[in-house]
Amino acid sequence: MLREERLQIILKMLETNQRVSSVELSEILNVSDDTIRRDLNELAENGLLRKVHGGAVPKAPHSYKLKERIHIAHEEKLVLAQKAQVFFEDNQVILLDNGSTNMEVAKLMSPDLKATVFTNSLSIAQILCEHQHIQLFFLGGRVFKDAQNTYGVEVVEMLQKIRADICMIGVCAIHHQIGVTIQDWDENQVKRKMVEISQKVVALVTADKVNTAENYVVCPFKELDVMLTDNKIPENQLLDYQKQGVLIQ
């Protein structure tokens, strides 16, 4: 079998099963473990998958600019945003992570909600300026212009002074074994701190993020309290997540 044929088979299996095992690939393709290792390395270097212990998983979807992402899976994000509203109560300290899904969360927040909100998203801060009962704090730092959010030491230092009741965290990639991951180290540091300082962490996950992985781990999956999902995720894809004690809605 030609190398190009092997690579296509690996990618097709990954698309179907959301994970491939090196041992299984070696048996199916009738090649050595070293050959499979080289194949997976090549595919990983070309950005077509993410290597993990014993095999590989899909990479997270392409990171679009915020102005592009707000139009992707918009209906699914509205479903998540609506589900998120039940977790808000008066007098909470709320962390809203950056991202197009949390923008929808902010838009749907009740105008009567009396809470304190911290966010590192320029867009979310603008939305919540219209809520007269919300005390709003913007986490200032270096601005990531494409994503329209802040990051860096200044943001992390400000977060260290907060004990949040709840954090709505945006998800780039999520895997039941690997956890929540992201492709940017600086953003990762901010998200890690948000998880650390929050009593309850709610992850908002669209179908395209499930069973994918990136380079930097925000937190293990078990550190989440709730995973909100849209209506596009097949039930069989959620089985491994349901076994870990995280509420999935």
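Q: Which residue stands opposite valine 226 in E14?
A: In this predicted model, strand E12 (residues 198–205) and E14 run parallel and are joined by 4 bridges. Within this pairing, the residue opposite valine 226 of E14 is valine 202.

Q: Which residue in E15 stands opposite methionine 227?
A: E14 also pairs with strand E15 (residues 247–248), in the parallel sense and over 2 bridges. Opposite methionine 227 stands isoleucine 248.

Q: Is the β-α-β crossover from E14 to E15 right-handed or left-handed?
A: After E14 the chain passes through helix H10 (residues 235–242) and then reaches E15. The hand of this β-α-β crossover is right-handed.

Q: Which residues of strand E14 point the other way from Val226 and Leu228, and are they buried or exposed?
A: In a regular strand, side chains alternate between the two faces of the sheet. In E14 (residues 226–229), Val226 and Leu228 point one way. Met227 and Thr229 point the other way, and all of these residues are buried.

Q: Why is one side of E10 and of E13 left without a neighbour in the sheet?
A: The open sheet has 3 strands in the order E10-E11-E13, with antiparallel pairing. Strand E10 (173–175) and strand E13 (216–219) are at the edges, so one side of each lacks a neighbour because each has a single partner strand.

Q: What is the bridge partner of isoleucine 174 in E11?
A: E10 and strand E11 (residues 179–182) run antiparallel and are joined by 3 bridges. In E11, isoleucine 174 has as its bridge partner valine 180.

Q: At about what angle does helix H9 run to E13?
A: Helix H9 (residues 185–196) lies across E11 and E13. Its angle to E13 is about 15°.

How values were computed: Residues numbered from 1 in each chain as written. Predicted model: local features only at pLDDT ≥ 70, side-chain atom pairs only at ≥ 80, totals over all residues. Heavy atoms only, no water. Buried < 20%, exposed > 50% of the residue type's maximum accessible area, 1.4 Å probe, protein only. Pairing = 2+ DSSP bridges. Right-handed = clockwise from strand over helix to strand, strands pointing away. Contact = heavy atoms within 4.5 Å. Axes fitted to C-alpha atoms, helices over the stretch in contact; angles between N-to-C directions.
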